[in-house]
Amino acid sequence: MHCGKAKPWGALWTYRLVVGGWLRWSWPLVLGLVIGSILGSEWSAALGQQASATVAEEYIYACDFEAEVDINYDQWPDGWRRQTGTGFPRYNRLEIQADPLNAENRVLALSLDGGQAAVYSPAIKVSQQCSYRLRFRMYLPSREAHGREGWASLNFFTADEKKLASYDVAILRQTDDWVIVESPLVTAEQPEIASVVIGLHVHPTEATSLFGQAFFDDVSLQELPRLSLEFDNPLHVFLDAQQAILKGQVSGMRRADSQLQFELFDERGRPLRTERLPLQDERFVSEVKVMRAGSTQGYTVQQFQWKLLQGETEEAAQVHEGFYRLVITLLDRDVNPLVREMTFVVVEQETQSRERLFGMSLPLSVIELDPYALGTTLQQLGVTWLKLPVWLDQDQTQQAMNLGNLLQRLARLEIDVVGVLDEPPPAVYKKYWQHEQGISALTTDIGVFLEAVQPLLVELSLRIDRWQIGSDQDTGIAENLRTIDRMQKVKEHFLKFGEQTKVGLPWSWLQQLAPSEKEHWDFQSVGSRPPLTMGEFSHHVNRWREQTSMESFVACQPLSSNDYDLETRVQELCLQMIETKKLGVSRTFVPEPFAADSGLFRGGRNPSEMLLPWRTLAVHLSGAEYLGSIQFPNNSTNHWFSKGGEAFVLTWNQQSVAETLYLGKNAVMLDMWGRRSPLDLVGGVQSFTADKWPKLIRGLDLTVALIRLSLRFDRTALDSISTRPQNVKLTFKNFYPHGLTGSVLLSNPELLARDIRSAFQIGRQEQGSLDAPVQIRSGALTKQHMLQVDFKLAAEELPEFSAWQPLYVGAEDVEFTFRQRLDKNRFIIVVTLINRSPGPVTYTLSLYVPNRKVTNVMFYEIPPGQQSESIALYNIDELVGRTLKMRASNDYRSMNYQIKVE
């Protein structure tokens with residue numbers, strides 16, 4: 001059905017509905033219109049669909065309010081009707097007018113003069129086998145002191161015009177220009193649904209808002225095939241790749257040769273495989289009723305399955321841990337195919353730690369999921385504790401039963417639950433509070449608040465012993481000293497239900513701490529919106545620990561994908577989770593695991609790329625002890641931990657470098673998504689590439705790791721004197737369960753005039769100390785050098801291994817710095833001498849340029865402070881790209897530098 005000719009959409013801002021505040025139901029879900037909850041597969045799938053309406057056959061209704069839709073010239077769209085009755089005054093001006101922003105265009109204007117307004121389209125025939133998308137343009141100009149909101153609605157009816165369900169689309173309050181609004185794809189579950197009516201609405205936001213306008217244009221309804229997809233696991237997490245099976249059904253196809261295309265990608269978007277599935281058996285194609293241009297109408301529902309493993313023995317034996325993104329495309333038209341996206345993960349089963357360190361806040365909607373599957377999945381994700389809203393209406397018996405089953409399952413899995421008291425259920429809210437919102441308002445009258453929560457405490461006190469007053473984002477109590485004082489009565493009341501009961505408050509890093517005498521609670525849950533970077537996180541955690549001894553639950557949310565790339569987000573998450581372990585934080589949690597841009601899941605049940613990095617660290621860091629960092633040969637960042645008698649290390653580098661060292665006989669490397677790579681011993685060492693993507697290496701030799709971590713030099717710098725040895729004391733501790741005999745070799749061919757070998761013999765748990773007379777090589781550069789320390793142990797069964805320690809070669813009291821620039825055909829070097837000694841110093845600076853005379857600059861009797869001199873080189877074309885040598889010397893010291901001409 002068409003109502004005029006739809007105009008081009010143009011390059012306008014498009015509103016796409018997301019989980020949160022755009023959807024408002026006016027009839028119960030059981031009536032049959034299904035979009036799904038935040039964890040529902042229908043809703044999550046709708047968010048991934050990207051079919052645009054450019055094929056005319058996809059539009060079953062379009063109205064642009066031009067002359068063609070107003071045949072009788074009464075400034076009213078033919079076939080439409082306005083709502084009348086109480087609250088909908090007849091004198092409100094509802095009519096087709098000129099576009100206020102473009103006089104050549106005609107639009108529908110809903111103008112208020114008190115009350116509200118609504119208009120409805122003719123009935124449009126729909127089918128259960130298809131899905132539908134409403135699209136329209138809306139303009140809400142602001143009017144001072146007269147707030148109003150506008151939206152559209154879809155209203156579904158049976159053949160005998162009985163209304164079954166409706167929902168509202170895109171409730172907006174003000175737009176500076178025309179905006180395009182698209183609903184998600186809508187599917188009707190009940191077969192008796194026969195038609196839909198589109199409604200356009202404007203409503204005042206306050207009783208005093210009498211006037212206001214809303215303009216609508218280009219209203220259309222798109223009919224698309226219906227594609228339903230579902231995994232068996234509620235969060236798309238699988239312990240066995242053979243269980244990763246996508247089940248689905250498709251209906252409403254337009255062509256007899258329709259196909260489904262499946263494209264599999266990893267977390268970085270790298271393609272893994274592509275396959276196609278024909279939807280219709282060729283033997284029955286001739287029986288399909290062919291409509292316009294080869295399209296079909298009302299064809300039967302097709303069932304299908306897609307498997308990660310196709311069943312071959314060889315493939316099943318391979319390791320398939322990792323993150324997967326599956327793009328499903330319905331190929332049944334020439335352009336704009338229907339596209340859906342699902343993600344899932346395969347993980348290796350891990351033993352759960354008893355340490356209550358890593359957790360997350362979950363929405364109440366998870367109680368609708370299978371408690372057995374949900375609990376097992378959370379356990380395998382490394383979740384050891386949860387925050388869960390538990391304030392239910394006592395009359396909601398099914399919800400209460402679901403919550404009880406989930407709490408029972410979590411208790412069996414030893415997953416601790418913190419009960420969150422945030423927004424009360426509607427019945428409780430209506431009884432005790434009428435207008436105010438937020439936890440601070442609810443605790444205004446402590447007696448009323450405690451009376452309201454009493455039934456909940458009676459019901460759940462045996463299962464929950466920690467309670468948080470307010471959601472993670474509601475810090476209303478913390479912002480007001482008067483409400484803080486009321487927490488004393490709250491805590492006293494909660495203690496009546498168990499001596500071990502603890503009460504906590506949500507807090508913000510940016511808020512001041514309460515005075516210690518007013519801290520009438522047991523823990524504080526601290527976070528920030530937006531998520532913190534590592535520098536901010538470390539600053540706030542350290543400051544917090546210095547100012548309070550109260551137990552703190554620390555929020556650790558991944559950074560937004562809108563602002564940071566994936567590798568940066570993974571690095572930052574690793575650093576924050578490691579920091580909580582280093583600082584001894586008692587509990588850390590992800591406050592918004594389902595946030596679209598920064599969560600562990602996206603679009604409902606679909607895991608995001610950040611889920612497995614979080615899980616990999618949560619599983620390994622729980623129950624582990626932080627050991628520290630060592631010097632890697634090529635300066636890669638590394639953090640060492642011990643767990644279960646073994647060591648593991650997390651490492652990365654901002655450059656791609658090769659690291660070669662002995663790690664242990666059973667070393668295995670994992671990326672953050674759980675994929676393993678062997679680390680074979682070759683010549684007594686292992687090699688791996690360190691880059692920006694963090695890697696975890698486990699199964700390491702703990703004793704060797706502890707010896708490396710204990711290694712120290714008694715000094716960090718050597719003087720630039722090559723004429724005599726300088727003594728360096730090396731210390732390390734023996735962590736073997738027996739005495740140790742062997743030798744240590746210090747080497748660096750760029751620094752040392754000769755290698756230094758020293759023998760040692762130390763007892764169990766003793767600390768060894770070796771004196772090494774180090775003589776630097778003439779010409780050694782003034783910079784930080786890496787000394788390699790090779791351990792050779794007398795016992796044949798013990799491994800040989802190396803460690804590395806930095807030593808700076810220069811002078812503690814004198815430093816030369818260099819700045820360089822190109823000036824036409826001159827290369828200018830600005831040399832600055834920094835004198836930190838108590839008296840004047842004299843140095844001769846010599847610049848060695850190939851095939852040119854040596855250039856000397858004298859720094860004579862320079863007093864404490866600094867002085868700069870410039871050196872200019874001409875005809876630099878022959879020098880660009882070459883490295884020049886520079887030496888600063890006096891009677892007893894020589895410092896060597898290199899400068900590259902660029």
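**Exercise on the cysteines**

Classify Cys556 as buried or exposed from its relative accessibility, and then establish how many disulfides the model contains.

Solution. Cys556 has a relative accessibility of 2% and therefore counts as buried, the class for residues under 20% relative accessible area, with exposed meaning over 50% and partly exposed lying in between (1.4 Å probe, protein chains only). The model is a predicted one, in which local features need pLDDT of at least 70 and side-chain atom pairs count only at pLDDT 80 or more, whereas totals for chains, interfaces and linings use all residues. Residues are numbered from 1 along each chain as its sequence is written, and side-chain values use heavy atoms, with hydrogens and water left out.

For the second part, a disulfide is taken as a pair of cysteine sulfur atoms within 2.5 Å, and by this rule the count comes to zero. Cys556 accordingly appears in no disulfide, and the nearest cysteine sulfur, which belongs to Cys574, is 9.8 Å away. Cys130, at 7% relative accessibility, also counts as buried.

**Exercise on the surroundings of Val590**

State where Val590 is found, and list the residues with which Val590 is in contact once its neighbours within four places in sequence are left aside.

Solution. Begin with the secondary structure, where helices (H or I, at least four residues) and strands (E, at least two) are DSSP runs numbered from the N terminus; on this basis Val590 is found in strand 31, residues 587-590. Next comes the accessibility, since Val590 has a relative accessible area of 0% and is therefore buried. Then take the contacts, meaning heavy atoms within 4.5 Å: leaving aside the neighbours within four places, Val590 touches Gly359, Met360, Ser361, Cys556, Gln557, Pro558, Leu600 and Trp614. Finally, Val590 and Gly527 lie 63 residues apart in sequence, with 9.5 Å between their C-alpha atoms.

**Exercise on helix 10 and helix 11**

Determine at roughly what angle the axes of helix 10 and helix 11 cross, and which residues make the contact.

Solution. Axes are lines fitted to C-alpha atoms, for helices over the stretch in contact, and angles run from 0 to 180 degrees between N-to-C directions. The axes of helix 10 (residues 566-582) and helix 11 (residues 611-621) come within 10 Å and cross at roughly 20 degrees. The two helices are therefore roughly parallel to each other, given that angles under 35 degrees count as roughly parallel, over 145 as roughly antiparallel, 65 to 115 as roughly perpendicular and the rest as oblique. Their crossing is right-handed, the near helix being turned clockwise from the far one by less than a right angle, whereas an anticlockwise turn would be left-handed.

Helix 10 contributes Val570, Leu573, Cys574, Met577, Ile578 and Lys581 to the contact, and helix 11 contributes Pro613, Trp614, Leu617, Ala618 and Leu621. By class there are 10 nonpolar, no polar and one charged residues in this contact, where Ala, Val, Leu, Ile, Met, Phe, Trp, Tyr, Cys and Pro count as nonpolar, Asp, Glu, Lys and Arg as charged, and the others, Gly among them, as polar. Helix 11 is mostly covered, with 11 of its 11 residues buried, and Gly623, just after this helix, takes a positive phi of about 80 degrees.

**Exercise on helix 9 and helix 10**

Work out how the residues of the contact of helix 9 with helix 10 divide into nonpolar, polar and charged.

Solution. The axes of helix 9 and helix 10 come within 9 Å and cross at roughly 15 degrees; these helices are therefore roughly parallel to each other, and their crossing is right-handed. On the side of helix 9 the residues are Met534, Phe537, Ser538 and Asn542, which meet Glu572, Leu575, Gln576, Glu579 and Thr580 of helix 10. Sorting these residues gives three nonpolar, four polar and two charged.

**Exercise on backbone geometry**

Identify which residues are joined by a cis peptide bond, and give the place of Asp218 and of Glu861.

Solution. As background, most residues other than glycine have a negative phi, and most peptide bonds are trans. A cis peptide bond, with omega about 0 degrees, joins Arg529 and Pro530, and Pro530 sits in the loop between strand 29 (523-527) and helix 9 (534-547). Asp218 has a positive phi near 50 degrees, belongs to strand 16 (residues 211-231), and is buried, with a relative accessible area of 2%. Glu861 also has a positive phi, about 50 degrees, and is found in strand 53 (residues 855-862); at 41% relative accessibility, Glu861 counts as partly exposed.
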